[in-house]
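Visitor: I'd like a close look at a single part of this one, please. Pick one strand and walk me through what surrounds that strand, pair by pair and contact by contact.

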Amino acid sequence: MPLQRRQVLAVASVLPLVPLAAHAHHGWSSFDADRPIYLEGTVRKVRWQNPHAELELELPANLALPPNLAQRALPAQTAPVDGKALLARAVLPTRKDRKWEIELAPLTRMQAWQVAEIKPGAAISVLGFTLREEKGEAVLRVEYLFVDGKVYGLRSSPA
């Protein structure tokens with residue numbers, strides 16, 4: 001088989017997968033950065049891989065905002081983020097899904113923060129952003145990760 005024909009066949013065999021990859025990774029423009037969402041629960045599945053680590057988080061039936069959320073200490077990071085304002089504006093989701101896809105940072109940034117790989121069964125909480133008007137999938141892109149008594153700002157590297 002000539003080389004050019006093999007190349008065309010190889011590209012043609014991959015093309016049906018492109019929409020799946022595009023659907024699986026959301027751009028930031030789909031997320032509502034004006035409405036920080038708070039979630040906590042138990043990690044059920046982990047995908048510790050690039051383009052970013054992902055978790056499946058199962059929420060408790062009685063999810064509530066912690067009374068001290070706005071007073072939590074936040075780490076300095078290289079990106080200018082008004083973390084205190086985000087914590088003060090945090091709300092619970094209006095949708096009733098008990099399982100959420102949690103998008104963390106790329107693995108290089110997780111390593112910069114020295115976040116140990118999160119395992120199924122771990123209890124975590126997160127503050128981040130979901131899709132506009134909470135439409136579509138139950139997915140949250142994380143701004144702050146709270147795990148094992150530590151807080152990580154995932155927008156950028158530690159300052």
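Guide: Let's take strand E5 and work outwards from there. Keep in mind that this is a predicted model.

First, some bearings. The protein has four helices and six strands, and along the sequence they follow the pattern α-α-β-β-α-β-α-β-β-β. Of the 159 residues, 38% are buried. Among contacts between residues at least 6 apart in sequence, 74% join residues at least 24 apart.

Now to E5 itself, which covers residues 139-147. Nine of its nine residues are buried, so the strand is largely enclosed by the rest of the structure.

Here is how E5 pairs up. With E4 it runs antiparallel, joined by seven bridges; one pairing to look for is Val-126 with Leu-145 in E5. With E3 the sense is parallel, over three bridges, and there Ile-102 has Leu-140 in E5 as its bridge partner. With E6 the strand is antiparallel again, through four bridges, and Tyr-144 is partnered by Gly-153 in E6. E5 and E6 also make a hairpin with two residues between them, and Asp-148 in that turn has a positive phi of about 55°.

One step further out, E4 is joined to E1 by six bridges, again antiparallel, with Ala-123 in E4 as the bridge partner of Thr-42. E1 in turn runs antiparallel to E2, with five bridges between them, and Val-43 stands opposite Leu-57 in E2. A hairpin of six residues links E1 to E2.

Next, the packing. In soluble globular proteins, nonpolar side chains tend to be buried together. The largest nonpolar core here has 26 residues, and Leu-145 is one of those with the most contacts inside it, along with Leu-39, Ile-102, Leu-104, Ile-124 and Leu-154. E1, E2, E3, H4, E4 and E5 each supply at least two residues of this core, and the largest share, four residues, comes from E5. A second, separate core of twelve residues includes Tyr-38, Leu-69, Leu-87 and Phe-129.

Zoom in on Leu-145 for a moment. Leaving aside neighbours within four places in sequence, its contacts include Leu-104, Met-110, Val-115 and Ile-118, as well as Ile-124, Ser-125 and Val-126. On the list too are Lys-150, Val-151, Tyr-152 and Leu-154.

Next door is Phe-146, also in E5, which counts as buried at 7% relative accessibility. Not counting residues up to four places away in sequence, Phe-146 touches Arg-72, Leu-74, Leu-87, Ile-124, Ser-125, Val-126, Leu-127 and Val-151. The Arg-72 contact deserves a second glance: the charged end of Arg-72 sits over the ring of Phe-146, 4.6 Å from its centre. If you want a backbone distance to check, the C-alpha atoms of Phe-146 and Ala-123 are separated by 9.2 Å, with the two residues 23 apart along the chain.

Ser-125, over in E4, shares some of this neighbourhood. Ser-125 is buried, with a relative accessible area of 7%, and it touches Tyr-144, Leu-145 and Phe-146 as well as Arg-72. Tyr-38, Leu-39 and Glu-40 are also among the residues Ser-125 touches.

What about charge inside E5? Arg-141 is found in this strand and counts as buried at 7% relative accessibility. The Arg-141 side chain makes a polar contact with the side chain of Glu-103, at 2.9 Å.

Last, follow the hairpin over to E6 and the one aromatic pair in the structure. The rings of Trp-113 and Tyr-152 have their centres 6.4 Å apart and their planes at 80°, so this is an edge-to-face pair. Tyr-152 lies in E6 and Trp-113 in the loop between H4 and E4, so the pair ties together parts that are 39 residues apart in sequence. Both Trp-113 and Tyr-152 are buried. And this leads back to where we started, with Tyr-152 among the contacts of Leu-145.

Methods
Residues numbered from 1 in each chain as written. Predicted model: local features only at pLDDT ≥ 70, side-chain atom pairs only at ≥ 80, totals over all residues. Heavy atoms only, no water. Phe/Tyr/Trp six-rings, centres within 6.5 Å; stacked < 30°, edge-to-face > 60°. Buried < 20%, exposed > 50% of the residue type's maximum accessible area, 1.4 Å probe, protein only. Lys NZ or Arg CZ within 6 Å of the ring centre and 35° of its normal. Core = buried A, V, L, I, M, F, W, Y, C linked by side-chain atoms within 4.5 Å. Contact = heavy atoms within 4.5 Å. Pairing = 2+ DSSP bridges. Polar contact = N/O pair within 3.5 Å; in protein donor to acceptor, adjacent residues only side chain to side chain.
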